[in-house]
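Work through the following exercises with the sequence and the coordinates at hand. Each task sentence is followed by a solution that goes step by step.

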Amino acid sequence: MDEVVITKSNPSSSGSDTRIICRVCQKQFSQYTCPRCNSRYCSLQCYKRHNLRCTESFTRENVMEELKQVQPDEETTRKMLDILKRFHSKEEMSSDDEEESMLSEEIIQKVLSGQEVKLEDLSPKELKQFRRVIASGELIKLIEPWTPWWRQPSAKSIILSPEGCQLVRPVELASGPEDNITEIPVGPESPLPPLRQLICGEPSPFLTVHVVDVLYSYCFTLRLYNGDWHSDPLGAATVALGMSKVMGDLGQPETVAEALAACLEETCSPVYRHIGGFSFGIGLVDDVVCLLSLGTNALVCLLCDLQRLIRAGARILKSEKIGKTERRDTIRKLKSADRKVYFLMCWVHEQPAEVWSTVANFVEMEKTSLAQLGHGSKNFKDERKGKQQSKVLIQEV
C-alpha cells in the first residue's frame with residue numbers, strides 16, 4: 001500500500017506543510033516509523049497491526065539481544081520461553097477488529113521509561129481491568145514469597161552482649177534494604193539501661209500481654225509488606241500502630257486472650273479482610289508463638305527493628321505535605337510508640353528465659369480456643385461479642 005501524502009499551504013510562511021497519513025488505518029496522521037520496514041503509523045495499535053511478521057521479528061530480536069547480556073539459569077529460561085509462547089499465541093489470535101490495548105500509549109510510555117504510575121493516571125476502563133487482574137490473583141504470582149527471619153534456622157542462635165546490645169560485627173559489603181529483608185535484624189547499638197533508671201515504681205503486671213500485642217502487630221506489618229517495610233516506612237508505621245492497641249493508644253489489654261482477640265478482630269475488619277481474614281490472623285498467632293519460643297535475644301532484635309521502622313516513618317512524615325495539625329498529631333503518636341517500644345525492649349531484656357516459653361504456651365492454648373470460635377464464621381467480631389455476652393449472663397445467674 002502506497003503512503004498517502006497531504007500537502008497543506010501555510011500562509012504564515014513561504015513554504016508548505018507535508019503530512020503523511022497512517023499506512024494502517026488511513027485515518028490519522030502518522031507520528032512514528034517502524035524501525036524494520038519504515039512503515040509510517042499513528043499509534044501502538046496500528047503498529048501491532050501493520051505487519052505481524054515485522055512486529056514478531058522485532059520483538060524477538062530485542063528479547064534475544066537482552067538474553068545475550070545475561071546468563072539465566074534453567075528456571076529463568078523456562079519462564080522466559082513460556083512468556084514468549086503466550087505472546088506468540090496472543091499475536092496469532094489477534095485480528096483487525098481486536099479490542100484496544102488494556103493500557104493507553106501514555107501509560108505504556110511511563111512504564112517503559114521507569115516513571116511512577118498511580119491509580120489516578122488510569123482511565124475508568126483501565127482501572128476496572130487492573131482491579132480485575134488483582135482480584136484474579138495473577139499479580140500475586142509475580143511476587144516472590146518472603147520467608148520471615150524468625151522462621152529461619154539462624155534465628156535460633158542470636159547472640160547479644162550481656163547489656164543487650166549487638167556484638168562487634170565484621171565489616172560487610174554495602175547492600176540495599178531489599179537484600180536485608182531476610183536477615184536477622186540487628187540489636188541495639190548501645191547497651192540497654194536497667195529498668196530502674198526508666199521508672200520509679202514497679203512495672204505494669206500486664207507487660208507480658210502488651211508484648212504479645214506488639215509482636216502480632218510487627219508480624220502483621222512485615223507479612224503485609226512482604227518483609228520490606230523500607231519501601232514505605234510511614235505506611236508500615238501507620239499499619240503497625242493501627243493494629244496494636246498498646247502502641248496506638250487504643251487500649252491496654254490485660255489478658256493474652258483479650259490481646260489476641262482484638263488483633264484478630266482488626267485483621268478480619270473490612271480494611272484488611274482481603275489479605276486473608278481469620279485464617280491469615282491465626283497464622284500470625286503461630287508467628288507470635290515462634291518468636292516467643294526463640295527467647296529474649298530474638299525479641300530484643302525484633303523490638304529494635306520495630307523502633308527503627310517507627311523512626312524511619314517519623315522522618316518521612318516531616319517531609320510530607322500535610323496539615324500542620326495532622327503532622328503534629330501523627331508525630332506525637334509515633335514518638336509515643338517509639339518510647340513504649342524502647343521501654344518494652346529494656347523490660348524484655350531483663351526477663352528470665354523461662355518466661356517466654358510459658359507465654360508461648362498460653363498463646364498456643366488461646367489460639368486453639370480462638371480457632372474454634374472463628375472456624376466457619378463470616379464475622380469474627382459478632383461471634384466474639386456473642387460469646388462475651390453469654391459469659392456475662394452466666395455470671396449474673
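**Exercise 1.** Determine how the end-to-end reach of helix H9 (residues 277-294) stands against the span expected at 1.5 Å a residue, and what follows the helix.

Solution. In this predicted model, H9 has 18 residues, and its first and last C-alpha atoms are 26 Å apart, close to the expected 26 Å. Turning to accessibility, 14 of the 18 residues of H9 are buried, so that the helix is mostly covered. Just after H9 comes Gly 295, which takes a positive phi of about 100 degrees.

**Exercise 2.** Carry out the length check for helix H10 (residues 296-318), and decide how far H10 is enclosed by the rest of the structure.

Solution. The expected span is 1.5 Å times one less than the number of residues, and for the 23 residues of H10 this gives 33 Å. The end C-alpha atoms of H10 are 33 Å apart, which agrees with that expectation. Of the 23 residues of H10, 17 are buried, and the helix is therefore largely enclosed by the rest of the structure. For the chain as a whole, buried residues make up 36% of the 397 residues.

**Exercise 3.** Describe the packing of helix H6 (207-224) against helix H8 (residues 256-267) by distance, angle and handedness.

Solution. The axes of H6 and H8 come within 8 Å and cross at roughly 25 degrees. Angles under 35 degrees count as roughly parallel, and H6 and H8 are therefore assigned to that class. The crossing in which H6 passes H8 is right-handed. On the H6 side the contact is made by Val 209, Val 212, Asp 213, Tyr 216 and Phe 220, while H8 contributes Val 256, Ala 259, Leu 260, Cys 263, Leu 264 and Thr 267. To read such a list, recall that an α-helix has 3.6 residues a turn, so residues three or four places apart point the same way.

**Exercise 4.** Compare the backbone and the accessibility of Gln 26 with those of Asn 226, and then place Gly 227.

Solution. Most residues other than glycine have a negative phi. Gln 26, although not a glycine, has a positive phi of about 60 degrees; Gln 26 lies in the loop between strand E2 (16-20) and strand E3 (32-33), and its 34% relative accessibility makes it partly exposed. Asn 226 likewise has a positive phi, near 55 degrees, and belongs to the loop between H6 and helix H7 (233-243). At 27% relative accessibility, Asn 226 also counts as partly exposed. Gly 227 lies in the loop between H6 and H7 as well, but at 4% relative accessibility it counts as buried. The C-alpha atoms of Gly 227 and Pro 148 are 6.9 Å apart in space, although the two residues are 79 apart in sequence.

**Exercise 5.** How is the aromatic pair of Trp 149 and Trp 150 arranged, and which residues form one aromatic cluster with these two?

Solution. A pair of aromatic rings is described by the distance of the centres and the angle of the planes. The structure holds seven aromatic pairs. One of them joins Trp 149 and Trp 150, with 5.6 Å from centre to centre and 85 degrees between the planes. Planes over 60 degrees apart count as edge-to-face, and the pair of Trp 149 and Trp 150 is therefore edge-to-face. Both Trp 149 and Trp 150 are buried, and together with Trp 146 and Tyr 218 they form one aromatic cluster.

Terms used
Residues are numbered from 1 along each chain as its sequence is written. This is a predicted model: local features need pLDDT of at least 70, side-chain atom pairs count only at pLDDT 80 or more; totals for chains, interfaces and linings use all residues. Side-chain values use heavy atoms; hydrogens and water are left out. Rings of Phe, Tyr and Trp (its six-membered ring) pair if their centres lie within 6.5 Å; planes under 30 degrees apart count as stacked, over 60 as edge-to-face and the rest as tilted. Buried means under 20% relative accessible area, exposed over 50%, partly exposed in between (1.4 Å probe, protein chains only). Helices (H or I, at least four residues) and strands (E, at least two) are DSSP runs, numbered from the N terminus. Axes are lines fitted to C-alpha atoms, for helices over the stretch in contact, and angles run from 0 to 180 degrees between N-to-C directions. Angles under 35 degrees count as roughly parallel, over 145 as roughly antiparallel, 65 to 115 as roughly perpendicular and the rest as oblique. A crossing is left-handed if the near helix is turned anticlockwise from the far one by less than a right angle, and right-handed if clockwise. Contact means heavy atoms within 4.5 Å.
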